[in-house]
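I opened the model and kept notes as I went. The entries follow in the order of my look-ups.

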Amino acid sequence: MIETGSRGDEKPDELGVSRGTEMPPAPAGRSIQDWYPEGYSHCYGCGRNNARGLHVRSFEEGDDIVALIPPCKDEISHPGVAYAGYVASLLDCHAVAAASAAAHRTRGHAVGDGEIMPFMTAELKVEYVRPTP
């Protein structure tokens with residue numbers, strides 16, 4: 001599950017899309033990405049040590065891994081349509097977090113039980129069915 005920012009008071013744009021301008025509230029606790037070792041925390045998409053990055057955050061919620069995604073502000077291809085590279089980065093970082101947390105659990109650890117070694121993406125193919133608002 002992926003949630004985007006929302007204030008609840010935004011008005012639909014010319015394409016009928018409502019866009020948030022703030023991050024939704026984070027679940028309690030640290031994100032999966034916050035458990036990555038320092039040397040692996042500079043990713044543009046999810047690195048906590050990248051001041052200019054997107055800061056995607058993924059959390060365990062029961063059996064699910066949910067992501068907090070920063071609202072799309074300047075990452076547009078056309079008015080009302082998110083830039084495809086932005087969408088791919090979000091999917092990449094969230095998928096890596098989910099896979100890294102799953103591997104951590106198969107080694108007998110819970111998220112929060114020591115550093116989580118992140119996976120790296122070898123290949124990513126995204127087929128866009130329609131524009132992403």
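**Second largest pocket.** I began with the residues that line the second largest pocket: Y36, Y40, C43, C46, D92, C93, V96, P118, F119, M120 and T121. I note that the model is predicted. I then sorted this lining by class and got 9 nonpolar, 1 polar and 1 charged residues. D92 is the charged one, since Asp falls in that class. The polar one is T121, because Thr is in neither the nonpolar nor the charged list. The volume of the second largest pocket came out at about 180 Å³.

**Y40.** I picked one lining residue, Y40, for a further look. Where does Y40 lie? I found Y40 in the loop between β1 and β2. Leaving aside residues up to four places away in sequence, I listed the contacts of Y40 as M117, P118 and M120. P118 and M120 also appear in the pocket lining. I checked I116 as well: 76 residues separate I116 from Y40 along the chain, and their C-alpha atoms are 9.9 Å apart. Is Y40 buried or exposed? Neither label applies: the relative accessible area of Y40 is 38%, so I entered Y40 as partly exposed, between the cut-offs of 20% and 50%.

**H55.** I stayed in the loop between β1 (2-4) and β2 (57-61), where H55 also lies. I looked up the backbone here. H55 is not a glycine, yet its phi is positive, about 60°. The relative accessibility of H55 is 28%, so I put H55 down as partly exposed too.

**F59.** Next I moved into strand β2, which holds F59. F59 has a relative accessible area of 5%, so I logged F59 as buried; the cut-off is under 20%. Which distance did I note from F59 to Q33? I read 8.6 Å, C-alpha to C-alpha, for a sequence separation of 26 residues.

**Rings.** I searched for aromatic pairs. The count is 0. No two ring centres met the rule, which asks for a distance within 6.5 Å. I then tried charges over rings. R30 lies over the face of W35, and I read 3.8 Å from the ring centre. That is within the 6 Å limit for such a charge.

**A102.** I turned to helix α1 and chose A102. At 30% relative accessibility I marked A102 as partly exposed. From A102 to I65 I got 9.7 Å between C-alpha atoms, with the two positions 37 residues apart in sequence numbering.

**P131.** I went on to the segment after α1 (84-106), where P131 sits. The relative accessible area of P131 is 59%, so P131 goes in my list as exposed, the cut-off being over 50%. I paired P131 with G80: 51 residues apart in sequence, 8.8 Å apart in space by C-alpha atoms.

**Whole chain.** Last, I stepped back. How many helices and strands does the protein chain have? I counted 1 helix and 5 strands. From the N terminus, I wrote the order as β-β-β-β-β-α. The protein chain has 133 residues, and 36% of them count as buried. I also checked contacts with a separation of 6 or more. Of these, 52% join residues 24 or more positions apart.

Technical notes: Residues numbered from 1 in each chain as written. Predicted model: local features only at pLDDT ≥ 70, side-chain atom pairs only at ≥ 80, totals over all residues. Heavy atoms only, no water. Phe/Tyr/Trp six-rings, centres within 6.5 Å; stacked < 30°, edge-to-face > 60°. Lys NZ or Arg CZ within 6 Å of the ring centre and 35° of its normal. Helix = DSSP H or I, 4+ residues; strand = E, 2+ residues; numbered from the N terminus. Buried < 20%, exposed > 50% of the residue type's maximum accessible area, 1.4 Å probe, protein only. 1 Å grid on protein atoms, 1.4 Å probe; cavity = no way out; pocket = protein on both sides within 12 Å on 5 of 7 lines; lining within 4 Å. Points joined across faces, edges and corners; volume = space filled by probe spheres on them. Contact = heavy atoms within 4.5 Å.
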